[in-house]
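Me: Please take a close look at one part of this predicted model. I would like the surroundings of a ligand, then the sheet beside them in the discussion.

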Amino acid sequence: MKSVERHIADVLELVEPLDPIELDLLRAHGAVLAEPVTSAVSLPAFDNSAMDGYAVVADDVAAAAPDRPVTLPVVADIPAGDPGAHAIRPGMCARIMTGAPMPAGATAVVPVEWTDAGVARVAVHRPARAGNAVRRAGEDVEAGTRVLRDGVRIGAAELAVLAAVGRRAVRVRPRPRVVVLSTGAELVEPGDPVGPGQIWESNSYMLAAAVLDAGCVAYRHGFVADDPAAVLGTLEDLLVRADLVLTTGGVSMGAYDVVKEALARLGTVRFEKVAMQPGMPQGFGTVGEPGTPIITLPGNPVSAFVSFHLFVLPVLRRLRGMPPEPLPSVPARLLVPVSSPPGRRSYLRAVLDYDRGDGGPGYAVRPAVRQGSHQLSALAETNALVVVPEEVTDVPAGGVVEVLQLPTGAA
Ligand SMILES: Nc1nc2c(c(=O)[nH]1)N[C@H]1C(S)=C(S)[C@@H](COP(=O)(O)OP(=O)(O)OC[C@H]3O[C@@H](n4cnc5c(N)ncnc54)[C@H](O)[C@@H]3O)O[C@H]1N2
Ligand code: MOO
Ligand SMILES: [Mg+2]
(Lines give C-alpha, C1' and ligand atoms only; values in the text may rest on other atoms or scores of the structure.)
(Ligands and ions follow the chains in the order given, each with its own letter.)
Protein backbone atom coordinates (compact mmCIF):
# COMPACT_ATOMS: atom_id res chain seq x y z
CA MET A 1 0.00 0.00 0.00
CA LYS A 2 1.01 3.56 -0.66
CA SER A 3 2.09 5.92 2.13
CA VAL A 4 0.08 9.02 3.04
CA GLU A 5 3.12 11.21 2.25
CA ARG A 6 3.48 9.67 -1.22
CA HIS A 7 -0.17 10.27 -1.93
CA ILE A 8 0.00 13.89 -0.78
CA ALA A 9 3.01 14.43 -3.07
CA ASP A 10 1.16 12.81 -5.98
CA VAL A 11 -2.03 14.84 -5.65
CA LEU A 12 -0.02 18.06 -5.33
CA GLU A 13 1.51 17.30 -8.74
CA LEU A 14 -1.96 17.75 -10.22
CA VAL A 15 -2.09 21.51 -9.80
CA GLU A 16 -0.24 24.78 -10.20
CA PRO A 17 -1.25 28.10 -8.62
CA LEU A 18 -4.07 29.71 -10.61
CA ASP A 19 -3.18 32.63 -12.88
CA PRO A 20 -3.49 36.02 -11.14
CA ILE A 21 -6.30 38.45 -11.90
CA GLU A 22 -6.93 42.05 -10.84
CA LEU A 23 -9.73 42.52 -8.31
CA ASP A 24 -11.23 45.50 -6.51
CA LEU A 25 -10.47 45.59 -2.81
CA LEU A 26 -13.61 44.09 -1.37
CA ARG A 27 -13.80 41.42 -4.02
CA ALA A 28 -10.22 40.51 -3.17
CA HIS A 29 -11.20 39.67 0.39
CA GLY A 30 -10.21 36.09 1.08
CA ALA A 31 -8.06 35.82 -2.03
CA VAL A 32 -4.29 35.42 -1.96
CA LEU A 33 -2.06 38.27 -3.04
CA ALA A 34 -0.12 37.60 -6.24
CA GLU A 35 2.18 40.63 -5.99
CA PRO A 36 4.23 42.19 -3.23
CA VAL A 37 2.63 45.49 -2.28
CA THR A 38 4.91 48.48 -1.80
CA SER A 39 3.68 51.76 -0.44
CA ALA A 40 4.35 54.76 -2.68
CA VAL A 41 3.71 57.06 0.28
CA SER A 42 4.77 57.37 3.88
CA LEU A 43 2.28 56.62 6.62
CA PRO A 44 1.45 58.83 8.34
CA ALA A 45 1.87 61.01 5.29
CA PHE A 46 2.44 64.11 7.49
CA ASP A 47 3.24 64.88 11.12
CA ASN A 48 -0.08 64.92 12.95
CA SER A 49 -1.57 65.04 16.40
CA ALA A 50 -2.31 61.86 18.35
CA MET A 51 -4.70 63.66 20.68
CA ASP A 52 -7.29 66.39 20.86
CA GLY A 53 -5.53 69.32 22.49
CA TYR A 54 -3.12 72.18 21.74
CA ALA A 55 -0.04 72.22 19.53
CA VAL A 56 2.67 74.08 21.43
CA VAL A 57 6.37 74.77 21.58
CA ALA A 58 7.34 72.33 24.35
CA ASP A 59 9.77 74.79 25.95
CA ASP A 60 6.87 77.22 26.52
CA VAL A 61 5.04 74.79 28.81
CA ALA A 62 8.09 73.22 30.49
CA ALA A 63 7.32 74.96 33.79
CA ALA A 64 3.53 74.49 33.72
CA ALA A 65 2.01 73.15 36.94
CA PRO A 66 -1.51 73.09 38.46
CA ASP A 67 -0.68 76.03 40.74
CA ARG A 68 1.37 77.85 38.04
CA PRO A 69 -0.45 77.30 34.73
CA VAL A 70 1.08 78.73 31.54
CA THR A 71 -1.42 80.74 29.53
CA LEU A 72 -0.98 80.95 25.74
CA PRO A 73 -2.99 82.69 23.01
CA VAL A 74 -4.71 80.24 20.63
CA VAL A 75 -3.86 81.50 17.13
CA ALA A 76 -5.40 78.76 15.00
CA ASP A 77 -7.96 75.97 15.14
CA ILE A 78 -6.90 72.85 13.22
CA PRO A 79 -9.44 70.06 12.70
CA ALA A 80 -8.61 66.73 11.01
CA GLY A 81 -8.68 67.24 7.25
CA ASP A 82 -7.31 70.77 7.53
CA PRO A 83 -4.91 71.38 4.61
CA GLY A 84 -2.20 72.14 7.14
CA ALA A 85 -0.92 75.62 6.23
CA HIS A 86 -0.70 76.81 9.85
CA ALA A 87 2.38 77.87 11.75
CA ILE A 88 3.03 78.97 15.33
CA ARG A 89 5.88 80.79 16.97
CA PRO A 90 7.10 80.55 20.58
CA GLY A 91 4.55 81.99 22.96
CA MET A 92 1.55 80.84 20.90
CA CYS A 93 -0.39 77.67 20.41
CA ALA A 94 -3.03 76.19 18.10
CA ARG A 95 -6.04 74.11 19.05
CA ILE A 96 -5.65 70.79 17.25
CA MET A 97 -7.68 67.59 16.86
CA THR A 98 -6.54 63.97 16.59
CA GLY A 99 -5.25 63.29 13.06
CA ALA A 100 -4.91 66.99 12.15
CA PRO A 101 -1.59 68.18 10.63
CA MET A 102 0.87 69.72 13.08
CA PRO A 103 1.37 73.44 12.49
CA ALA A 104 4.91 74.41 11.50
CA GLY A 105 6.95 75.42 14.53
CA ALA A 106 5.03 73.28 17.06
CA THR A 107 7.01 70.56 18.84
CA ALA A 108 4.41 68.91 21.09
CA VAL A 109 0.70 68.46 21.73
CA VAL A 110 -0.81 69.12 25.14
CA PRO A 111 -3.96 66.99 25.58
CA VAL A 112 -7.07 69.01 26.35
CA GLU A 113 -7.29 67.23 29.74
CA TRP A 114 -4.11 69.07 30.84
CA THR A 115 -5.70 72.49 30.16
CA ASP A 116 -8.75 74.62 30.89
CA ALA A 117 -9.95 73.90 27.31
CA GLY A 118 -9.89 77.61 26.43
CA VAL A 119 -10.75 78.80 22.94
CA ALA A 120 -9.09 82.21 22.56
CA ARG A 121 -6.53 81.63 25.32
CA VAL A 122 -5.67 78.42 27.05
CA ALA A 123 -4.19 77.72 30.48
CA VAL A 124 -1.86 74.69 30.45
CA HIS A 125 -1.31 73.08 33.86
CA ARG A 126 1.04 70.23 32.97
CA PRO A 127 4.29 70.25 30.95
CA ALA A 128 4.61 68.31 27.70
CA ARG A 129 7.95 67.09 26.39
CA ALA A 130 8.97 67.67 22.79
CA GLY A 131 7.29 65.04 20.61
CA ASN A 132 4.46 64.42 23.07
CA ALA A 133 1.32 63.12 21.27
CA VAL A 134 2.88 63.79 17.86
CA ARG A 135 2.70 61.07 15.18
CA ARG A 136 5.66 61.53 12.88
CA ALA A 137 5.41 61.18 9.09
CA GLY A 138 6.67 57.73 8.08
CA GLU A 139 6.75 56.25 11.58
CA ASP A 140 4.30 53.55 10.47
CA VAL A 141 5.43 53.01 6.85
CA GLU A 142 8.29 54.68 5.01
CA ALA A 143 7.62 55.49 1.35
CA GLY A 144 9.00 52.75 -0.87
CA THR A 145 8.82 49.92 1.65
CA ARG A 146 6.92 46.65 1.21
CA VAL A 147 3.79 46.44 3.32
CA LEU A 148 2.44 43.05 2.17
CA ARG A 149 4.27 40.10 0.70
CA ASP A 150 3.24 37.98 -2.23
CA GLY A 151 1.24 34.96 -1.05
CA VAL A 152 -0.57 36.43 1.95
CA ARG A 153 -4.25 35.82 2.30
CA ILE A 154 -6.20 39.06 2.21
CA GLY A 155 -8.19 39.30 5.42
CA ALA A 156 -9.59 42.30 7.22
CA ALA A 157 -6.18 43.55 8.36
CA GLU A 158 -4.59 43.22 4.90
CA LEU A 159 -7.53 45.04 3.30
CA ALA A 160 -7.01 47.87 5.78
CA VAL A 161 -3.32 48.11 4.83
CA LEU A 162 -4.12 48.08 1.10
CA ALA A 163 -6.71 50.82 1.46
CA ALA A 164 -4.44 52.89 3.72
CA VAL A 165 -1.68 52.93 1.09
CA GLY A 166 -4.23 54.00 -1.52
CA ARG A 167 -4.77 50.82 -3.47
CA ARG A 168 -8.11 50.45 -5.21
CA ALA A 169 -7.43 47.04 -6.74
CA VAL A 170 -4.84 44.29 -6.36
CA ARG A 171 -3.48 41.31 -8.23
CA VAL A 172 -4.64 38.13 -6.57
CA ARG A 173 -5.02 34.48 -7.35
CA PRO A 174 -8.73 33.86 -7.79
CA ARG A 175 -10.60 31.53 -5.52
CA PRO A 176 -10.41 28.03 -6.98
CA ARG A 177 -13.72 26.74 -8.32
CA VAL A 178 -14.38 23.28 -6.99
CA VAL A 179 -17.11 20.99 -8.29
CA VAL A 180 -18.43 18.51 -5.74
CA LEU A 181 -20.20 15.42 -7.00
CA SER A 182 -21.43 12.44 -5.00
CA THR A 183 -22.27 9.09 -6.51
CA GLY A 184 -24.52 6.30 -5.32
CA ALA A 185 -27.86 4.71 -6.22
CA GLU A 186 -28.89 4.77 -2.55
CA LEU A 187 -28.65 8.55 -2.17
CA VAL A 188 -31.66 10.82 -1.66
CA GLU A 189 -31.74 14.60 -1.22
CA PRO A 190 -32.07 15.46 2.50
CA GLY A 191 -35.73 15.96 3.39
CA ASP A 192 -37.07 13.97 0.43
CA PRO A 193 -38.78 10.69 1.30
CA VAL A 194 -36.36 7.80 1.71
CA GLY A 195 -37.41 4.36 0.51
CA PRO A 196 -36.08 1.02 1.74
CA GLY A 197 -32.30 0.83 1.40
CA GLN A 198 -31.96 4.55 0.71
CA ILE A 199 -30.15 7.19 2.77
CA TRP A 200 -30.02 10.95 2.82
CA GLU A 201 -26.99 12.25 1.01
CA SER A 202 -24.48 14.11 3.17
CA ASN A 203 -21.03 14.03 1.58
CA SER A 204 -21.67 16.77 -0.96
CA TYR A 205 -22.85 19.13 1.80
CA MET A 206 -19.86 18.35 3.96
CA LEU A 207 -17.41 18.81 1.10
CA ALA A 208 -19.04 21.95 -0.29
CA ALA A 209 -18.84 23.53 3.16
CA ALA A 210 -15.24 22.42 3.66
CA VAL A 211 -14.36 23.86 0.24
CA LEU A 212 -15.98 27.20 1.15
CA ASP A 213 -14.21 27.20 4.51
CA ALA A 214 -10.97 26.71 2.60
CA GLY A 215 -11.54 29.99 0.76
CA CYS A 216 -12.71 28.42 -2.51
CA VAL A 217 -15.89 28.52 -4.55
CA ALA A 218 -17.96 25.36 -4.28
CA TYR A 219 -20.36 24.09 -6.94
CA ARG A 220 -22.32 21.37 -5.22
CA HIS A 221 -23.76 19.29 -7.96
CA GLY A 222 -25.48 16.86 -5.61
CA PHE A 223 -25.31 13.30 -6.72
CA VAL A 224 -25.63 10.94 -9.63
CA ALA A 225 -26.74 7.33 -9.60
CA ASP A 226 -24.35 4.45 -10.08
CA ASP A 227 -24.52 4.63 -13.85
CA PRO A 228 -21.23 5.21 -15.67
CA ALA A 229 -22.93 7.09 -18.52
CA ALA A 230 -24.65 9.43 -16.07
CA VAL A 231 -21.42 10.04 -14.16
CA LEU A 232 -19.59 10.70 -17.42
CA GLY A 233 -22.20 13.05 -18.80
CA THR A 234 -22.41 15.01 -15.58
CA LEU A 235 -18.67 15.34 -15.29
CA GLU A 236 -18.33 16.55 -18.86
CA ASP A 237 -20.96 19.22 -18.22
CA LEU A 238 -19.27 20.37 -15.04
CA LEU A 239 -15.69 20.55 -16.24
CA VAL A 240 -16.02 24.00 -17.78
CA ARG A 241 -16.58 25.46 -14.32
CA ALA A 242 -13.94 23.57 -12.46
CA ASP A 243 -10.38 24.09 -11.33
CA LEU A 244 -10.78 20.87 -9.39
CA VAL A 245 -13.40 18.14 -9.31
CA LEU A 246 -14.11 16.20 -6.13
CA THR A 247 -16.18 13.05 -6.19
CA THR A 248 -17.18 10.73 -3.41
CA GLY A 249 -18.14 7.09 -3.57
CA GLY A 250 -17.68 4.38 -6.10
CA VAL A 251 -13.93 3.92 -5.76
CA SER A 252 -13.66 0.67 -3.84
CA MET A 253 -14.06 -2.95 -4.86
CA GLY A 254 -17.87 -2.99 -5.32
CA ALA A 255 -19.60 -4.25 -8.43
CA TYR A 256 -21.31 -0.88 -8.85
CA ASP A 257 -18.36 1.33 -8.01
CA VAL A 258 -18.88 3.34 -11.18
CA VAL A 259 -16.54 6.27 -10.66
CA LYS A 260 -13.71 3.95 -11.54
CA GLU A 261 -15.47 2.68 -14.62
CA ALA A 262 -16.55 6.09 -15.86
CA LEU A 263 -13.19 7.71 -15.35
CA ALA A 264 -11.39 4.97 -17.17
CA ARG A 265 -13.10 6.34 -20.29
CA LEU A 266 -12.85 10.06 -19.70
CA GLY A 267 -9.49 10.73 -18.16
CA THR A 268 -6.29 9.55 -16.58
CA VAL A 269 -7.18 8.62 -13.05
CA ARG A 270 -5.24 6.22 -10.86
CA PHE A 271 -7.04 4.26 -8.16
CA GLU A 272 -4.89 3.18 -5.26
CA LYS A 273 -4.93 2.02 -1.69
CA VAL A 274 -3.32 4.33 0.84
CA ALA A 275 -2.06 2.82 4.11
CA MET A 276 -4.49 4.72 6.32
CA GLN A 277 -7.68 4.27 8.27
CA PRO A 278 -10.18 5.64 7.38
CA GLY A 279 -9.74 6.64 3.76
CA MET A 280 -7.90 3.70 2.21
CA PRO A 281 -9.34 3.76 -1.34
CA GLN A 282 -8.22 6.91 -3.14
CA GLY A 283 -8.04 8.09 -6.73
CA PHE A 284 -6.67 11.11 -8.53
CA GLY A 285 -5.79 12.31 -12.01
CA THR A 286 -7.31 14.50 -14.69
CA VAL A 287 -10.50 14.44 -16.72
CA GLY A 288 -11.36 15.95 -20.09
CA GLU A 289 -9.27 18.10 -22.41
CA PRO A 290 -7.40 20.08 -21.25
CA GLY A 291 -7.20 17.93 -18.18
CA THR A 292 -9.10 19.16 -15.14
CA PRO A 293 -7.66 17.78 -11.90
CA ILE A 294 -9.93 15.33 -10.13
CA ILE A 295 -9.68 13.70 -6.72
CA THR A 296 -12.00 10.81 -6.05
CA LEU A 297 -12.68 10.38 -2.36
CA PRO A 298 -14.08 7.25 -0.75
CA GLY A 299 -17.82 7.22 -0.10
CA ASN A 300 -17.86 6.49 3.61
CA PRO A 301 -18.59 9.93 5.11
CA VAL A 302 -15.83 9.91 7.69
CA SER A 303 -13.36 8.58 5.12
CA ALA A 304 -14.31 11.42 2.78
CA PHE A 305 -13.93 13.96 5.58
CA VAL A 306 -10.49 12.74 6.66
CA SER A 307 -9.29 12.39 3.05
CA PHE A 308 -10.42 15.92 2.28
CA HIS A 309 -8.38 17.36 5.13
CA LEU A 310 -5.26 15.34 4.35
CA PHE A 311 -5.19 15.43 0.56
CA VAL A 312 -7.55 18.09 -0.80
CA LEU A 313 -6.70 20.98 1.51
CA PRO A 314 -3.03 21.13 0.41
CA VAL A 315 -4.17 21.03 -3.23
CA LEU A 316 -6.55 23.94 -2.63
CA ARG A 317 -3.78 25.86 -0.90
CA ARG A 318 -1.47 25.36 -3.86
CA LEU A 319 -4.18 26.45 -6.32
CA ARG A 320 -4.62 29.60 -4.22
CA GLY A 321 -0.90 30.31 -4.33
CA MET A 322 -0.22 29.41 -0.70
CA PRO A 323 2.36 26.91 0.54
CA PRO A 324 0.65 23.50 0.47
CA GLU A 325 1.18 22.88 4.15
CA PRO A 326 -0.49 19.99 5.92
CA LEU A 327 -2.74 20.56 8.94
CA PRO A 328 -0.87 22.04 11.90
CA SER A 329 0.13 19.41 14.45
CA VAL A 330 0.78 19.44 18.19
CA PRO A 331 1.77 16.73 20.68
CA ALA A 332 -0.96 15.88 23.18
CA ARG A 333 -1.60 13.55 26.08
CA LEU A 334 -4.19 10.84 25.39
CA LEU A 335 -7.03 10.79 27.89
CA VAL A 336 -8.15 7.27 26.91
CA PRO A 337 -6.28 4.33 25.32
CA VAL A 338 -6.51 3.87 21.55
CA SER A 339 -5.91 1.03 19.12
CA SER A 340 -5.20 0.96 15.42
CA PRO A 341 -4.84 -1.71 12.71
CA PRO A 342 -1.26 -2.79 11.95
CA GLY A 343 0.25 -1.42 8.75
CA ARG A 344 -2.20 1.50 8.43
CA ARG A 345 -1.92 4.95 9.91
CA SER A 346 -5.04 5.77 11.87
CA TYR A 347 -6.60 9.19 12.02
CA LEU A 348 -8.92 9.16 15.01
CA ARG A 349 -11.51 11.87 15.36
CA ALA A 350 -10.95 13.62 18.64
CA VAL A 351 -11.45 16.66 20.80
CA LEU A 352 -8.26 18.55 21.58
CA ASP A 353 -8.16 20.93 24.52
CA TYR A 354 -5.69 22.45 26.95
CA ASP A 355 -4.35 19.87 29.36
CA ARG A 356 -6.16 20.35 32.64
CA GLY A 357 -4.23 17.54 34.37
CA ASP A 358 -0.94 17.83 36.26
CA GLY A 359 1.04 17.58 33.06
CA GLY A 360 1.74 21.30 33.04
CA PRO A 361 0.96 23.49 30.05
CA GLY A 362 0.17 21.54 26.92
CA TYR A 363 -2.66 19.71 25.23
CA ALA A 364 -4.80 16.75 26.10
CA VAL A 365 -6.85 14.84 23.55
CA ARG A 366 -9.94 12.64 23.80
CA PRO A 367 -10.71 10.46 20.78
CA ALA A 368 -14.41 9.94 20.09
CA VAL A 369 -15.88 6.62 21.17
CA ARG A 370 -17.41 5.93 17.73
CA GLN A 371 -14.61 5.64 15.20
CA GLY A 372 -16.36 3.76 12.38
CA SER A 373 -15.95 5.35 8.95
CA HIS A 374 -19.76 5.49 8.69
CA GLN A 375 -20.19 7.02 12.15
CA LEU A 376 -20.75 10.66 11.31
CA SER A 377 -22.10 11.73 14.68
CA ALA A 378 -18.64 11.79 16.30
CA LEU A 379 -17.45 14.30 13.70
CA ALA A 380 -19.76 16.97 15.01
CA GLU A 381 -17.62 18.04 17.95
CA THR A 382 -14.32 16.93 16.53
CA ASN A 383 -11.62 19.56 16.24
CA ALA A 384 -8.62 17.31 15.73
CA LEU A 385 -7.32 14.02 14.39
CA VAL A 386 -5.11 11.79 16.51
CA VAL A 387 -2.42 10.15 14.40
CA VAL A 388 -1.48 6.57 15.27
CA PRO A 389 1.52 5.53 13.14
CA GLU A 390 1.48 2.46 10.90
CA GLU A 391 3.67 0.35 13.19
CA VAL A 392 1.78 1.18 16.39
CA THR A 393 -1.33 -0.83 17.31
CA ASP A 394 -1.98 0.38 20.86
CA VAL A 395 -1.29 3.53 22.83
CA PRO A 396 -2.22 3.59 26.53
CA ALA A 397 -3.96 6.48 28.26
CA GLY A 398 -1.33 9.06 29.16
CA GLY A 399 0.72 8.32 26.05
CA VAL A 400 1.76 11.31 23.96
CA VAL A 401 0.46 11.33 20.40
CA GLU A 402 0.67 13.61 17.39
CA VAL A 403 -2.58 15.50 16.85
CA LEU A 404 -3.60 17.34 13.71
CA GLN A 405 -5.73 20.42 14.26
CA LEU A 406 -8.73 20.71 11.96
CA PRO A 407 -9.60 24.10 10.50
CA THR A 408 -12.08 26.01 12.62
CA GLY A 409 -13.98 27.91 9.95
CA ALA A 410 -13.77 30.17 6.96
CA ALA A 411 -10.24 30.78 5.67
N1 LIG B 1 -14.41 -5.67 -0.43
C2 LIG B 1 -14.06 -4.47 -0.05
N3 LIG B 1 -15.01 -3.63 0.31
C4 LIG B 1 -14.70 -2.40 0.72
C5 LIG B 1 -13.34 -2.03 0.79
C6 LIG B 1 -12.36 -2.93 0.37
O7 LIG B 1 -11.16 -2.65 0.39
N8 LIG B 1 -12.77 -4.15 -0.04
N9 LIG B 1 -13.02 -0.79 1.24
C10 LIG B 1 -13.96 -0.24 2.18
C11 LIG B 1 -13.56 1.10 2.48
S12 LIG B 1 -12.21 1.21 3.48
C13 LIG B 1 -14.24 2.19 2.07
S14 LIG B 1 -13.76 3.75 2.60
C15 LIG B 1 -15.40 2.09 1.21
C16 LIG B 1 -15.25 3.01 0.00
O17 LIG B 1 -16.39 2.91 -0.72
P18 LIG B 1 -16.66 3.63 -2.09
O19 LIG B 1 -15.78 4.79 -2.27
O20 LIG B 1 -16.72 2.63 -3.15
O21 LIG B 1 -18.10 4.27 -1.79
P22 LIG B 1 -19.52 3.61 -1.93
O23 LIG B 1 -19.41 2.15 -2.07
O24 LIG B 1 -20.27 4.36 -2.94
O25 LIG B 1 -20.12 3.99 -0.51
C26 LIG B 1 -19.55 3.55 0.70
C27 LIG B 1 -20.48 3.90 1.87
O28 LIG B 1 -20.61 5.30 1.98
C29 LIG B 1 -21.98 5.71 1.85
N30 LIG B 1 -22.00 6.94 1.03
C31 LIG B 1 -21.49 7.04 -0.19
N32 LIG B 1 -21.70 8.29 -0.67
C33 LIG B 1 -22.38 8.95 0.27
C34 LIG B 1 -22.91 10.27 0.36
N35 LIG B 1 -22.74 11.14 -0.66
N36 LIG B 1 -23.54 10.64 1.48
C37 LIG B 1 -23.70 9.76 2.50
N38 LIG B 1 -23.21 8.49 2.48
C39 LIG B 1 -22.59 8.09 1.39
C40 LIG B 1 -22.60 4.58 1.09
O41 LIG B 1 -24.00 4.53 1.28
C42 LIG B 1 -21.88 3.38 1.66
O43 LIG B 1 -22.41 3.03 2.91
O44 LIG B 1 -15.55 0.79 0.70
C45 LIG B 1 -15.39 -0.26 1.69
N46 LIG B 1 -15.68 -1.50 1.09
O1 MOO C 1 -10.83 3.56 4.06
MO2 MOO C 1 -12.39 3.11 4.61
O3 MOO C 1 -12.20 4.65 4.90
O4 MOO C 1 -11.65 2.49 6.10
O5 MOO C 1 -13.86 3.12 5.58
MG1 LIG D 1 -18.17 0.98 -2.91
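Reply: Start with the shell around ligand 2. Its residues divide into 4 nonpolar, 5 polar and no charged. They are Gln277, Pro278, Gly279, Met280, Pro281, Pro298, Asn300, Ser303 and Ser373. Remember that the model is predicted.

Some of these positions lead to the sheet. Pro281 is in the ligand 2 shell, and strand 20 covers residues 281-287. Ser303 is also in that shell, and helix 6 spans residues 301-320.

Now the sheet itself. It is open, with 6 strands in the order 16-13-17-21-20-18. The pairing is mixed. Strand 16 (217-224) and strand 18 (267-273) stand at the edges. Each has a single partner strand, so one side of each is left without a neighbour in the sheet. On average, neighbouring strands are turned by 15 degrees against each other, direction ignored.

Helix 6 packs on this sheet. It touches strand 17 (244-248), strand 20 and strand 21 (292-297). The direction of helix 6 makes about 165 degrees with that of strand 21.

At one edge, strand 16 is joined to strand 13 (residues 177-183) by 7 bridges. These two strands run parallel. Val178 stands opposite Ala218 of strand 16.

Last, the record. An unreviewed UniProt entry lists residues 179-318 as "domain: MoaB/Mog". Over that range the chain is 35% helix and 31% strand. The end C-alpha atoms of the range are 17 Å apart.

How values were computed:
Residues are numbered from 1 along each chain as its sequence is written. Chains are lettered from A and ligands numbered from 1 in the order in which they are written. This is a predicted model: local features need pLDDT of at least 70, side-chain atom pairs count only at pLDDT 80 or more; totals for chains, interfaces and linings use all residues. Two strands pair if DSSP finds at least two bridges between them. Helices (H or I, at least four residues) and strands (E, at least two) are DSSP runs, numbered from the N terminus. Axes are lines fitted to C-alpha atoms, for helices over the stretch in contact, and angles run from 0 to 180 degrees between N-to-C directions. Two residues are in contact if their C-beta atoms, placed from the backbone, lie within 7 Å. UniProt positions are given in the numbering used here, feature names are shortened, and annotations may be inferred rather than shown by experiment. A residue is near a molecule or strand if its C-beta atom, placed from the backbone, lies within 6 Å of it. Ala, Val, Leu, Ile, Met, Phe, Trp, Tyr, Cys and Pro count as nonpolar, Asp, Glu, Lys and Arg as charged, and the others, Gly among them, as polar.
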